[in-house]
Amino acid sequence: MSVPCNIVILTGAGCSAESGIDTFRDGGGLWEQHRVEDVATPEAYERDPDLVLRFYDMRRAAIQTKKPNAAHHALARLEREWWQGQRGNVTLITQNVDDLHDRAGSKNLIHMHGEHLSAWCGACDARHHWNDMLIDRPACPACGARALRPDIVWFGEMPYRMDEIHDALRQCDIFVSIGTSGAVYPAAGFVRLAREMGAHCLELNLERSQGSAWFHESRFGAATKIVSEWVADKLAN
Ligand code: NAD
Ligand code: APR
């Protein structure tokens, strides 16, 4: 068996853009339609829970009409065939709260900013798979309290599974960032840790990002094209 080569992949909103899900900071992006302060902070939820719940109910319904694109499917194929070929691990970290990687078949997947199909009970801390509205204040299946909120990490909150993420970055040989602007930490800092650990760092994006200088290599183009090409090349060599 050859020496294992562990790959860590970070995806951002650009990976889902061609599935029809708005990114955040591109022209017409979500943060041009809604202010972060109104819908994506704990203070916003405290101030006007109905506005926040309606926003995420609307986003959940919209996302459910979308489908994984060629980039999502290519990443799921890479994980499957890399493992079957005993070539090492593929860990996929996504900042996206949509379930397109899940539906494409990715298994070793970390949703660091939470998931739009999950609800979190403020009374008992239980999390539930949730594909329904929250605006009507449904009862928590575990404790009955009407305290369910979107299980999404808002600005100022800590992302999920950071220990696992740091472990994967410390052991990775290749770090690939796909479709993220590098505007939000700690995700934007992952490339630096990977590089310090000696990983080869590759950026796949439509254009340069705020973190481009940290990558050994950048390839520009639409994710459905350049991610599929990169995966095909990795599996062939
Ligand atoms: P941050 O300061 O790292 O965010 C940097 C960028 O996010 C800013 O450049 C801006 O583009 C945007 N941003 C952040 N707060 C904003 C605001 N109040 N108004 C407008 N734009 C804003 O983010 P942070 O507040 O330090 O958040 C840190 C934690 O929150 C991190 O753990 C991050 O993972 C998490 N987070 C989650 C989400 C989400 O929507 N799931 C979004 C951002 C951050
Ligand atoms: N193919 C590849 N990259 C693309 C495509 C595409 N078709 N379309 C857009 N992009 C790139 C843009 O060039 C940009 O660099 O995707 C990136 C989108 O950046 P953002 O909108 O800032 O999204 P993201 O980086 O995921 O935001 C990080 O900020 O608001 C929070 O929680 C939110 O997780 C998100 C975090």
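These legends walk you through several close-up views of a predicted model.

**View 1. Meet the surroundings of ligand 2.** There are 23 residues around ligand 2, and those that come nearest are Ala13, Phe24, Arg25, Thr180 and Ser181. Sorted by class, this shell holds nine nonpolar, 10 polar and four charged residues.

**View 2. Two domains share the shell.** Look here for where the residues around ligand 2 come from: domain 1 (7–21 + 68–113 + 159–236) supplies at least three of them, and domain 2 (23–65 + 116–152) also supplies at least three.

**View 3. Polar atoms close in on ligand 2.** Start with histidine 113, where a polar side-chain atom sits 2.9 Å from an oxygen atom of the ligand. Next comes asparagine 205: an N or O atom in its side chain is 2.8 Å from an oxygen atom of ligand 2. Finally, find alanine 223, which takes part through its backbone, with a polar atom there lying 2.9 Å from a nitrogen atom of ligand 2. On its own, ligand 2 has 730 Å² of accessible area, and the protein covers 94% of that.

**View 4. A closer look at Tyr56 and an annotated site.** In an unreviewed UniProt entry, the annotation "binding site" covers Tyr56 and Arg59. Tyrosine 56 belongs to helix H4, which spans residues 49–64. Is tyrosine 56 buried or exposed? Tyrosine 56 counts as buried because its relative accessibility is 9%, and buried means under 20%.

Note on methods. Residues numbered from 1 in each chain as written. Chains lettered and ligands numbered in written order. Predicted model: local features only at pLDDT ≥ 70, side-chain atom pairs only at ≥ 80, totals over all residues. Heavy atoms only, no water. Near = heavy atom within 4 Å. Polar contact = N/O pair within 3.5 Å; in protein donor to acceptor, adjacent residues only side chain to side chain. Areas by Shrake-Rupley, 256 points an atom, 1.4 Å probe, with all protein chains shown as cover. Nonpolar A, V, L, I, M, F, W, Y, C, P; charged D, E, K, R; others polar. Domains from an automatic or database assignment. UniProt positions renumbered as here; feature names shortened; annotations may be inferred. Helix = DSSP H or I, 4+ residues; strand = E, 2+ residues; numbered from the N terminus. Buried < 20%, exposed > 50% of the residue type's maximum accessible area, 1.4 Å probe, protein only.
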